[in-house]
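Biologist: I should like a close look at a single part of this model, together with its surroundings and its charged side chains. Please state the criteria behind each term as it arises.

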Amino acid sequence: MLGAGLVGLGGATLLGCSAPATEGSSILAPVAPSEATPTESRVDVPSTPTPPAGPPPPLPAGRERRQLLADTLWQTPLVATHSGREGPRVLVLGGVHGNEPGGWLAAESVADWEPAAGSLLVIPRANVVATRIFERTLPDLGDLNRSYPGAADGLLPMSRMASAIIDVVREFQVDLVLDMHESWGFYLERGANSGTAFIGQTVTKGDGPLTEVFVRDAVEAVNTRITAREELTFRGRLPQPAPNATPPPGLGGTQPGGRSTSSLSIGTHVPGTTAILVEMGQMEQPEYRRRDLHLLLATELLTRHGVL
Ligand SMILES: [Zn+2]
């Protein structure tokens with residue numbers, strides 16, 4: 001029997017949203033190339049490698065907690081709960097950006113959930129230092145969502161965290177990564193603004209075996225239970241950049257050759273994994289509601305996926 005009280009994840013500092021938070025444009029000094037950075041000689045991201053055959057054997061039932069980047073300033077918990085039954089393996093990320101509390105508050109709740117099948121892994125505050133100071137990130141940390149696949153000996157801590165997350169995905173044979181973020185404006189209210197500050201209430205899928213139909217159906221199911229303004233927009237699969245084109249807003253930076261460096265690229269690095277990136281809008285939408293909408297969608301996705 002697992003107790004929900006086993007996991008103490010520290011209280012959140014609820015400071016509200018004092019500044020527009022965007023996925024694509026840092027509010028700080030240059031941190032890493034944004035999606036606005038022109039790149040040359042773009043090529044298509046290679047097709048996803050063939051996933052391993054058959055589901056992995058179940059892990060022993062119970063909850064384990066370990067630290068990523070243990071014994072460093074950036075140490076942050078991974079909470080892994082195993083049902084003891086064969087099934088999907090899901091990883092939920094929160095706190096990739098420190099000024100997006102709806103995402104990490106939701107992730108902290110998910111860390112207490114009990115999977116009905118497979119395993120549920122959660123990293124509630126991936127960039128824990130940024131969440132403590134309520135900043136998107138800092139130049140000395142790097143931007144985790146511009147750092148995949150990262151490097152274990154990377155110069156910036158978030159490059160090392162990206163590498164640690166990739167290691168978790170590989171070790172547990174995770175097949176779905178759900179990355180919880182916030183933007184400022186709402187996508188459906190963006191008007192002439194096509195920038196990254198208006199991708200709130202959107203859901204995007206990265207490369208991987210999970211189908212667009214699966215994600216779209218989950219989004220549409222949630223949309224029947226929320227208000228018209230809260231409606232989520234499925235933005236489709238991570239679009240491949242066209243030659244000499246500026247990448248679409250909100251999908252993270254790219255490395256030479258046009259490959260995405262956001263979490264949406266995880267499926268290109270680990271066979272059999274698909275990432276979904278969710279943005280809730282902060283503008284005139286209270287923090288608790290952003291958290292709850294993340295939880296609504298997570299419940300829908302994980303139930304349809306067979307974990308809950
Ligand atoms: Zn974010």
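Modeller: Helix 3 is followed by Q173, which has a positive phi near 55°. Helices and strands here are DSSP runs numbered from the N terminus, a helix being H or I over at least four residues and a strand E over at least two. The model is a predicted one, in which local features need pLDDT of at least 70 and side-chain atom pairs count only at pLDDT 80 or more, while totals for chains, interfaces and linings use all residues. Residues are numbered from 1 along each chain as its sequence is written, and side-chain values use heavy atoms, with hydrogens and water left out.

As to confidence, the average pLDDT (the predictor's confidence in each residue, from 0 to 100) is 83 for the protein, and 76% of the residues score at least 70. Residues 1-22 stay under 50 in pLDDT, and the model gives them 53 contacts beyond four places in sequence. Residues 24-45 likewise stay under 50, with 56 such contacts. Contact means heavy atoms within 4.5 Å.

The helix itself contains 15 residues and reaches 21 Å from its first C-alpha to its last, close to the 21 Å expected at 1.5 Å a residue; the expected span is 1.5 Å times one less than the number of residues. Of its 15 residues, 12 are buried, and helix 3 is thus mostly covered. Buried means under 20% relative accessible area, exposed over 50%, and partly exposed in between, with a 1.4 Å probe and protein chains only. Among the buried residues are P157, R160, A164 and V169. Their cover includes strand 1, strand 2, strand 3 (89-93), strand 4 (119-123), strand 5 (176-183) and helix 5 (266-269).

Within helix 3 (residues 157-171), R160 deserves separate attention. R160 is buried yet has no salt bridge; D153, the nearest side chain of opposite charge, is 8.1 Å away. For this purpose Lys and Arg count as positive and Asp and Glu as negative, with His and the chain ends not counted. A salt bridge requires a side-chain nitrogen of Lys or Arg within 4 Å of a carboxyl oxygen of Asp or Glu. A polar atom of the R160 side chain does lie 3.1 Å from the backbone oxygen of L155. Leaving out residues up to four places away in sequence, R160 touches L69, W74, A151, A152, G154 and L155.

One of those neighbours, L69, is found in the loop between strand 1 (62-68) and strand 2 (76-82). L69 counts as buried because its relative accessibility is 18%. On the helix side, L69 touches P157, R160, M161 and A164, among others. The C-alpha atoms of L69 and A164 are 7.4 Å apart, although 95 residues separate the two along the chain. L69 also has a positive phi of about 50° although it is not a glycine. D71, in the loop between strand 1 and strand 2, is another residue other than glycine with a positive phi, near 65°. Unlike a buried residue, D71 is classed as exposed because its relative accessible area is 76%.

On the other side in sequence, P149 lies in the loop between helix 2 (128-133) and helix 3. The peptide bond from Y148 to P149 is cis, with omega near 10°.

Turning to charge pairing, side chains of opposite charge can pair when their charged atoms come close. The salt bridges number 13 by the rule above. E171 pairs with R66 in one of them, their closest N and O atoms being 2.9 Å apart. This pair links distant parts of the chain, since E171 belongs to helix 3 and R66 to strand 1, 105 residues apart. E171 is partly exposed because its relative accessible area is 47%, and R66 is partly exposed as well, at 27% relative accessibility.

Two further pairs lend themselves to comparison. R136 and D143 form a salt bridge at 3.1 Å from N to O, and both R136 and D143 are buried. R304 and E300 form another, at 2.6 Å between the closest N and O atoms; both lie in helix 6 (residues 287-305), four residues apart, about one turn of the helix. R304 is partly exposed, with a relative accessible area of 41%, whereas E300 counts as buried at 14% relative accessibility. Salt bridges with shared partners also join E64, R66 and E171 into one network.

Key
Polar contact = N/O pair within 3.5 Å; in protein donor to acceptor, adjacent residues only side chain to side chain.
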